[in-house]
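Hi there,

Here is the structure I promised to pass on. Have a look at it first, and my notes follow below.

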Amino acid sequence: MNNDYTSEHFKPSEFQGPTIEVADQDLKYRQVRLDDRTPTGAQIAAAAGFKPDQLPVVLRVLPSGALEDIRPEETAEITHETNRFIVVESDRKYLLAVDGARIEWPCRHISGHAIRTLADVAPNKLLLLEQEDEADLEVEDTHFIDLDSPGVERFITRKAIWKLNIQGEVYEFSTPTVSVREAMLKAGLDPNLIWQIFLMVKDMPKQSITVSDSIDLRKPGIEKLRLTQKDVSNGEAAPPLRRDFKLLPRDEQYLDAVGHHWETQVTRENGRWLVIQGYSLPPGFSEQTVQLALNIPAGYPSTMLDMFYVYPAVRLANGAGIPSTEIVGTLDGVTFQGWSRHRPWSPVSDNVVTQLAMAEGCMLKEVGL
């Protein structure tokens, strides 16, 4: 035998078969090579690493996204286009439907990501599982659906809408992330003016943000965007803020970070007060801005903060009074309206920041926001 024959005459490219892409139930594709262009289902399964006794199911992914069952003895013509197959170990196939289009799946469970991939659901659409006795279930990419339930699981898609409350009005957005500038323009606010901007998140103190920031509306708890236009100075120097005593460092850092004009006052009537000037109220009250005050006992934070006070006294915009606001507090001869609102207190976790969050939550509740 002439051993030089191989080196002189063998051309690997003449003997290499076509390449296909094979995925498992996670739809992560990898390339495998076949021996010819008309393989059987059994040959495709073998190329993917399966043995016949594993009872592999071979599904061809058609250009339309539909799946075609390739039986072990059935041949599949390999074209010059992308040839994709799903090969998994299974003894049966399950049915589902997306927007009425039927899909066969060889596993009992299927992920939201797999459904989106098979049905070519656009990223800006929601995927919902129809339910008879309950609201349709939104299916995230990481959710797994059990297809073994009686009947065919039916999914529908719907254009995704994200909502944000801006200055008391709810606006809809077609993308999950929106810039503050875009949100302001949608609400008819001029982003070129000077604003104090606060993002309200459930169970958290309000966050100071800027026009150049973005808001991810998919994050849980995001509720409202509130803005207050800063006063334009006429050239007169503002009076200095009183700082008769110090708060906790974390309190002062927060008050400065959100842009509050705040003072600490020791009054001749009844002790120590934190006073926030120009505090913005949510829409629905008789006043737009007030002075908001907290009584700070000498033993704070071991001694709890209780209630909060505003000046001038407020009512609802429709003229109705506000329950449990009959108590008053006097600061240097000025009578503040006391809101009798109480909550449990922990010296470890509670402070001026959490008390202000409580006050804001109470105000929002009164106007139904």
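Which ring does the charged end of Arg-272 sit over? The ring is that of Phe-245, and the charged end of Arg-272 is 4.1 Å from its centre. Please keep in mind that this is a predicted model. Another arginine, Arg-243, lies over the face of Trp-262, at 3.5 Å from the ring centre.

Now to the aromatic pairs, of which the structure holds 5. In one pair, the ring centres of Phe-285 and Trp-339 are 6.1 Å apart and the planes stand at 65 degrees; edge-to-face pairs have planes over 60 degrees apart, so this pair is edge-to-face. Phe-285 comes from the loop between β21 (271-280) and β22 (289-295), while Trp-339 belongs to strand β25 (residues 334-339), so the pair ties together parts that are 54 residues apart in sequence. Phe-285 and Trp-339 are both buried. Together with Phe-308, Phe-285 and Trp-339 form one aromatic cluster.

You may also like to look at the interior space. There is 1 cavity of 30 Å³ or more in the structure, and the largest cavity holds about 40 Å³ of space. Its lining includes Asn-165, Gln-167 and Gly-168, along with Pro-282, Pro-283, Leu-364 and Leu-369. Lys-224, Leu-225 and Arg-226 also line the largest cavity. Strand β19 (residues 222-229) gives the most to this lining, with 3 residues. Sorted by class, the lining has 5 nonpolar, 3 polar and 2 charged residues.

Happy browsing, and do write back with any thoughts!

Best wishes

Note on methods:
Residues numbered from 1 in each chain as written. Predicted model: local features only at pLDDT ≥ 70, side-chain atom pairs only at ≥ 80, totals over all residues. Heavy atoms only, no water. 1 Å grid on protein atoms, 1.4 Å probe; cavity = no way out; pocket = protein on both sides within 12 Å on 5 of 7 lines; lining within 4 Å. Points joined across faces, edges and corners; volume = space filled by probe spheres on them. Helix = DSSP H or I, 4+ residues; strand = E, 2+ residues; numbered from the N terminus. Nonpolar A, V, L, I, M, F, W, Y, C, P; charged D, E, K, R; others polar. Phe/Tyr/Trp six-rings, centres within 6.5 Å; stacked < 30°, edge-to-face > 60°. Buried < 20%, exposed > 50% of the residue type's maximum accessible area, 1.4 Å probe, protein only. Lys NZ or Arg CZ within 6 Å of the ring centre and 35° of its normal.
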